[in-house]
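Please read the following report alongside the sequence and the structure. It takes up the pairing of the copies, then a small sheet and a helix, and lastly the DNA.

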2 protein chains.
Amino acid sequence: MAKQEAGGITAGAGDSLSNRVFEQLEEGILDGSIQPGENLNELKLSLEMGVSRTPVREAIRMLEQKNLVRLVPNKGAVVLGVDRKDLLDVYAIRTYIEGLASRWAAERITDEKRGKLREIVDLQEFYYIKSYEEQISEMDSRFHETIFSYCESRRLEHMLRDLHHMIQRYRKQSIAEAGRTEKAIAEHRLILEAICAGDGDEAERQTVGHINNARENLIVLLEKESSANGERE
Amino acid sequence: MAKQEAGGITAGAGDSLSNRVFEQLEEGILDGSIQPGENLNELKLSLEMGVSRTPVREAIRMLEQKNLVRLVPNKGAVVLGVDRKDLLDVYAIRTYIEGLASRWAAERITDEKRGKLREIVDLQEFYYIKSYEEQISEMDSRFHETIFSYCESRRLEHMLRDLHHMIQRYRKQSIAEAGRTEKAIAEHRLILEAICAGDGDEAERQTVGHINNARENLIVLLEKESSANGERE
DNA sequence: CCCGTAGAAATTCCATGTATAATTGATTTC
DNA sequence: GAAATCAATTATACATGGAATTTCTACGGG
């Protein structure tokens, strides 16, 4: 018993160590605590996390496939991270393909799925009224990811999950933006109704609109940030 | 010298063993020689390829991130592969985002890039006249991948390369289809001219059309295949 | 003072050993 | 004869050792 109690990793259940190391590094890169340009040292990381070098190596190889680090043979891994241009690009890409996911979800909707999707939006509204920010964000994620899974395309789902993951931090921030959440929920409801009605065209149109609005919001947010930072970066 | 001469892997230059194993397995999965449902045995593969288990493990972790295998903790990796639905999905996804890549490429075109892109299409036409099928296919890949790189979006490029890679086999097959190559080259030229003119709208429109046509072609090809196989699969 | 170079330290890369979990198959029991 | 149990085999997961490569540092020549 007591599989691994030493270092930083004391986390979750059945997952392998490689996965946990991967997730921890990914989170660090995506939330900025591991900076772009930095390079990942196997031995150092393995000591910090209290695991051997093997799972760290595996995690780094995994990060490379996600394009979060660049791996130079015999030299190591440098962090790529997600900069502002990446963020804007991701939103642009989402406007193009997340609409497709909604379209497919609408075409493949069932009663059970209608119920679940509606419940998510209802819950989000409830949390909004109660001002539970953490849960609002959680429901926002869940709404989009549920649509990803309901589109029933392994490949599209996989791509969208990656994108979604990449911008998670900024989605949370935007909850705090004045007025955005209320609008977002209203937009979710429009998407929901279109999907439940099986109206692919409308579902796509509403989703494209929703993401464009989110993108507008991001741009405002980034401008605030850069003026706050005195034009740095 | 003579880094590794034993087993199946005698390949390339500076790449690490993990990468070579990864590429070999990826190729096998994508060209169907490793079937979906099959599961990958570390020891067996390492013996076949004449390497130790470590690089095989790393390669498998990499394949998981590409969604080409599913990894069940303590049980191993089962091949997912790319089935017909995946293929059709990939073409659908491409119609949505490859147009965006062309749009951005048009917005960021330079004289040097104009020259290179034009040369690729000219070469492809030349090889078509000469009936060099291998080179036609090569130029087809190069045309699209060059646009991916000219769109100057790390994230979009990465996604499109993955998709492109996934359908490589079918792109090659479609070269052999009667009349497709000639049309494809004509379509490439339309995309080329739009990009060179810096006309993002037109570049996107032509690209969407091009991929839709390729998709139509794929559907015909798949139908032929399934009737040839007597409705199996 | 700068540049090049040789040796040492650090780091990646691959191989192999060991523990733990899953699977198989034989044996027993009802 | 079927189901259950437990030992033996197999496979994965993680750790560790050692070879190869790169990076750092100190030294000597120009």
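The surface near DNA strand C receives its greatest contribution, three residues, from α3(B), where helices (H or I, at least four residues) and strands (E, at least two) are DSSP runs numbered from the N terminus. This is a predicted model, in which local features need pLDDT of at least 70 and side-chain atom pairs count only at pLDDT 80 or more, whereas totals for chains, interfaces and linings use all residues. Residues are numbered from 1 along each chain as its sequence is written, while chains are lettered from A and ligands numbered from 1 in the order in which they are written.

**How the two chains are related**

A turn of 180 degrees, with a shift of 0.0 Å along the axis, lays chain B on chain A with an RMSD of 0.0 Å; the superposition is by least squares on the C-alpha atoms of residues with pLDDT of at least 70 in both copies. That is the relation of a two-fold axis. Chain B and chain A each bring 26 residues to the contact, two residues being in contact if their C-beta atoms, placed from the backbone, lie within 7 Å. On the side of chain B that touches chain A, the elements giving two or more residues are α3, α4 (84-107) and α7 (154-166) of chain B, and α4(B) supplies the largest share, eight residues. Because 100% of the interface residues of chain B are also interface residues in chain A, the copies meet through the same surface.

**The sheet of chain A**

Chain A holds an open sheet of three strands in the order β1-β3-β2, with antiparallel pairing; strands pair if DSSP finds at least two bridges between them. Its edge strands, each pairing on one side only, are β1 (39-40) and β2 (69-72) of chain A. Two bridges join β1(A) to β3 (residues 76-79) of chain A, and Asn39(A) has Val78(A) as its bridge partner in β3(A). Arg70(A) also stands opposite Val78(A), in a pairing of β2(A) with β3(A) that runs over four bridges. These two strands, β2(A) and β3(A), form a hairpin with three residues between them, and Asn74(A) in the turn has a positive phi of about 65 degrees.

**Helix α3 of chain A**

Helix α3 (residues 53-65) of chain A has 13 residues and reaches 19 Å from its first C-alpha to its last, close to the 18 Å expected, the expected span being 1.5 Å times one less than the number of residues. Among its buried residues are Pro55(A), Ile60(A) and Leu63(A); a residue is buried if 20 or more other C-beta atoms lie within 10 Å of its own, exposed if 12 or fewer, and partly exposed in between, with C-beta atoms placed from the backbone. Just after α3(A), Asn67(A) takes a positive phi of about 65 degrees.

**The surfaces near the DNA**

A residue is near a strand if its C-beta atom, placed from the backbone, lies within 6 Å of it. The table lists the residues that come nearest to each DNA strand.

| DNA strand | Residues around the strand | Nearest residues |
|---|---|---|
| C | 17 residues | Glu42(A), Gly76(A), Leu17(B), Ser52(B), Thr54(B) |
| D | 18 residues | Leu17(A), Ser52(A), Thr54(A), Glu42(B), Gly76(B) |

For DNA strand D, α3(A) gives the most to the nearby surface, with three residues.
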